[in-house]
Amino acid sequence: MDRYEHSVLLDKTKCTGCTSCLKHCPTEAIRISDGHAVINDSRCIDCGECIRICPHQAKKAVSGKLDNMKRFKYKIALPAPTLYGQFDNLDDIDYVLDGLKKIGFDDVYEVAKAAELVSAYTRMYLKTEGIKKPLISSACPVVVRLIELRFPLLAENIIHMLPPMEVAARLAKERALKEHPEFKPEEIGVCFISPCPAKVSYVKNGFADYKSQVDEVVSIKDIYFLLINEMSHGSDIETLCESGIIGIGWASSGGEATAIFNENFLAADGIENVIHVLEQVENGNIPTLEFIELNACPGGCVGGVMAMQNPFIAKARLQSLRHSLPVSQNFIDNSNDYIPEGYLFNELPQYKPITRLSDSIVESMRMLADIQKLRESLPGIDCGACGAPTCRAFAEDVIRKRVSPDGCVILTAKRAEGEK
């Protein structure tokens, strides 16, 4: 496949070569070489864990710029539900939505509204015969990429439902074309306001055979101060909110799962917890479940590294907002027993699993035996001094001829001492 374009990047000028990111990368995509971190593009899943953990702010999330929307004649904002939890003492979502129009958008289409529609069709999807359960949500692009790289056997469990961001983008453009026939489709642009760098990568790279309907992704951090300056608390705000408790709930871990109205679900957040759950599902060591919601960010999307506020504070603010909202403002036509094409995708992206050592089974078995043999000779303390996160990872790097076997400073020191 073509080169994957990432949104989590390294600033070498700030990197000191410490091993903080090395120890926390869920796909072992980071090595330390020549005094600074190096990110392996084929392994990176843009989870942002290295951004959270880096004490020197050497990792950064790169997103689009609001000025890029000037190329469109009609501009639509797609606010993620997480955006509402960024503001203190917010008692009405319309203040945020009205503020978005005041900073230059012609229309606003809530991702929370699309989330309520996706939830309704997910309930229908669960009743489909022949699907492999437990179904795993496809809403978090980090989780989808993680499964393809580390847990390819679970790819069949991923629900083929487009994330609310994509549904919102399509519906927003359809509404704009209907209400403003004077504009051509290419003159209408949609901008997703995101808490998550993985959404940026999703839009840049597409999703297998599916091309994203989103034209630009900007971070909540970049838009926060522009927005807060325009959020007036007077009586002249426009009534725009079209979502309810279900849609807003998607911002926090468990919100998507509870919206399927099925008790046989599991919700986990935080990349380490996500990996533990996937390992148990893969091993069959998990109770009978219908649906699994997994969020790479701690607390759910509120914990995204492009959000402004502490995720726990943001979650508390969202809970307070929910008290004044209906359960849902969006419903599907139950007379139809099928899911519209615009809510589904056909194929999953195909990535080379990181556990595959070679395209040849014979060569893979040989390399695996060599890795195990070298691993047994190493100290086994996973100190990271060699520039790899674990002794197993270092052994693999050696066998792949990426580094010298002399890279283990402890083993080299022992050999030198034995030669005296």
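Which helix lies across S8 and S9, and at about what angle does it run to S9? The close-ups below, taken from a predicted model, begin there.

**View 1. Helix H8 lies across strands S8 and S9.** Helix H8 spans residues 220-230. Its direction is at about 70 degrees to S9. Beneath this title belongs the strand pair itself: S8 (residues 188-194) and S9 run parallel, joined over 4 bridges. One residue pair to look for is Phe192 with its bridge partner in S9, Val217.

**View 2. Four strands form an open sheet.** The strand order is S6-S5-S8-S9, and the pairing is parallel. S6 and S9 (216-219) are the edge strands, each pairing on one side only. Strands of a sheet pair through backbone hydrogen bonds.

**View 3. Glu110 is buried without a salt bridge.** Glu110 sits in the loop between strand S6 (107-108) and helix H4 (111-125). Lys113 offers the nearest side chain of opposite charge, 7.4 Å away. The side chain of Glu110 does make a polar contact of 2.8 Å with that of Tyr84. Beyond residues up to four places away in sequence, Glu110 also touches others, including Pro79, Ile93, Leu97, Ala168 and Leu240. Cys241, Glu242 and Ser243 are among its contacts too.

**View 4. Ser253 makes a side-chain polar contact with Asp269.** The contact is 3.1 Å. Ser253 lies in the loop between helix H9 (245-249) and helix H10 (255-258). Leaving aside neighbours within four places in sequence, its contacts include Ala267, Ala268, Glu293, Asn295, Gly299 and Gly300. Leu294 is 41 residues from Ser253 in sequence, yet their C-alpha atoms are 7.8 Å apart.

Conventions:
Residues are numbered from 1 along each chain as its sequence is written. This is a predicted model: local features need pLDDT of at least 70, side-chain atom pairs count only at pLDDT 80 or more; totals for chains, interfaces and linings use all residues. Side-chain values use heavy atoms; hydrogens and water are left out. Helices (H or I, at least four residues) and strands (E, at least two) are DSSP runs, numbered from the N terminus. Buried means under 20% relative accessible area, exposed over 50%, partly exposed in between (1.4 Å probe, protein chains only). Lys and Arg count as positive and Asp and Glu as negative; His and the chain ends are not counted. A salt bridge is a side-chain nitrogen of Lys or Arg within 4 Å of a carboxyl oxygen of Asp or Glu. A polar contact is a pair of N or O atoms within 3.5 Å; within protein, one must be able to donate a hydrogen and the other to accept it, and residues adjacent in sequence count only if both atoms are side-chain atoms. Contact means heavy atoms within 4.5 Å. Two strands pair if DSSP finds at least two bridges between them. Axes are lines fitted to C-alpha atoms, for helices over the stretch in contact, and angles run from 0 to 180 degrees between N-to-C directions.
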